[in-house]
Amino acid sequence: MKNPKLASRYAHALYDFSLEMGNLENVYHDIREIEKIVTAHKELKNLLESPIIPKDKKQNIIKEIFQKEVNEITFRFFTLIIKKNRIPQLLMICRQFIKIYYKNHNIKEAYITSAQPLSEEKIDYLKNYLEKDAPYTVILHLTVDPKIIGGIIIKIDDRYYDASIQTKINKLKMEFSQNTYTVGF
């Protein structure tokens, strides 16, 4: 069972320990890579989350895949969460760690959806525009969705800006569906 509070505690402990050891940047990069790898390989994710596979096999798999690739602190953390039977929480812990890192380094994630791939020039413009007068740095996550027809949708935290053609068409449909014409005028 997934437990966000538990994942948050482990993520905070890893963040604090790596900060104390002066190795925060390396651990952050390790955690980002691990999150990408586990997310991209569904078989690995299922294997790590499986209650049937014994701890020692999971330990050997983690050791084989990550020991030479990650920092010692990160690898020891893996060993700890396997020992404590928390490996099914791995992705949630990684994501919590990244959130903590972003919060403490004034980084915000912006999710941008466009109908077609954006040019580098437009991406740079959007990044500069979103960071202008802001006390934070923006990391862009770009998605292409032809269903929006044109325009752009931007989401940062709880702010949502929808300037897509599809939304404008939907608004026009709503306006036309409400007949404000009165007979006899």
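In this predicted model, a good place to begin is Thr113, whose bridge partner in strand S3 is Ile153. This pair can be placed in a wider pattern, since strand S1, which covers residues 107-114, and strand S3, which covers residues 151-156, pair with each other in the antiparallel sense over five bridges.

Stepping back from these two strands, the reader can find an open sheet of four strands, arranged in the order S2-S1-S3-S4 and showing mixed pairing. At the edges of this sheet are strand S2 (137-144) and strand S4 (159-164), each of which pairs on one side only. From one strand to the next, the twist averages 15°.

A helix accompanies this sheet: helix H8, made of residues 165-177, lies across S3 and S4, and it runs at about 80° to S4.

Turning now to a single residue of strand S4, the reader may look at Ser164, which is found in that strand. Is Ser164 buried or exposed? Its relative accessible area is 1%, and because buried means under 20% on this scale, Ser164 counts as buried. Among residues more than four places away in sequence, Ser164 touches Ile148, Gly150, Gly151, Ile152 and Ile153, and the last of these, Ile153, is the residue already met as the bridge partner of Thr113. The side chain of Ser164 also makes a polar contact, at 2.8 Å, with the side chain of Thr167, a residue that falls within the range 165-177 of helix H8.

Notes: Residues are numbered from 1 along each chain as its sequence is written. This is a predicted model: local features need pLDDT of at least 70, side-chain atom pairs count only at pLDDT 80 or more; totals for chains, interfaces and linings use all residues. Side-chain values use heavy atoms; hydrogens and water are left out. Two strands pair if DSSP finds at least two bridges between them. Axes are lines fitted to C-alpha atoms, for helices over the stretch in contact, and angles run from 0 to 180 degrees between N-to-C directions. Contact means heavy atoms within 4.5 Å. Buried means under 20% relative accessible area, exposed over 50%, partly exposed in between (1.4 Å probe, protein chains only). A polar contact is a pair of N or O atoms within 3.5 Å; within protein, one must be able to donate a hydrogen and the other to accept it, and residues adjacent in sequence count only if both atoms are side-chain atoms.
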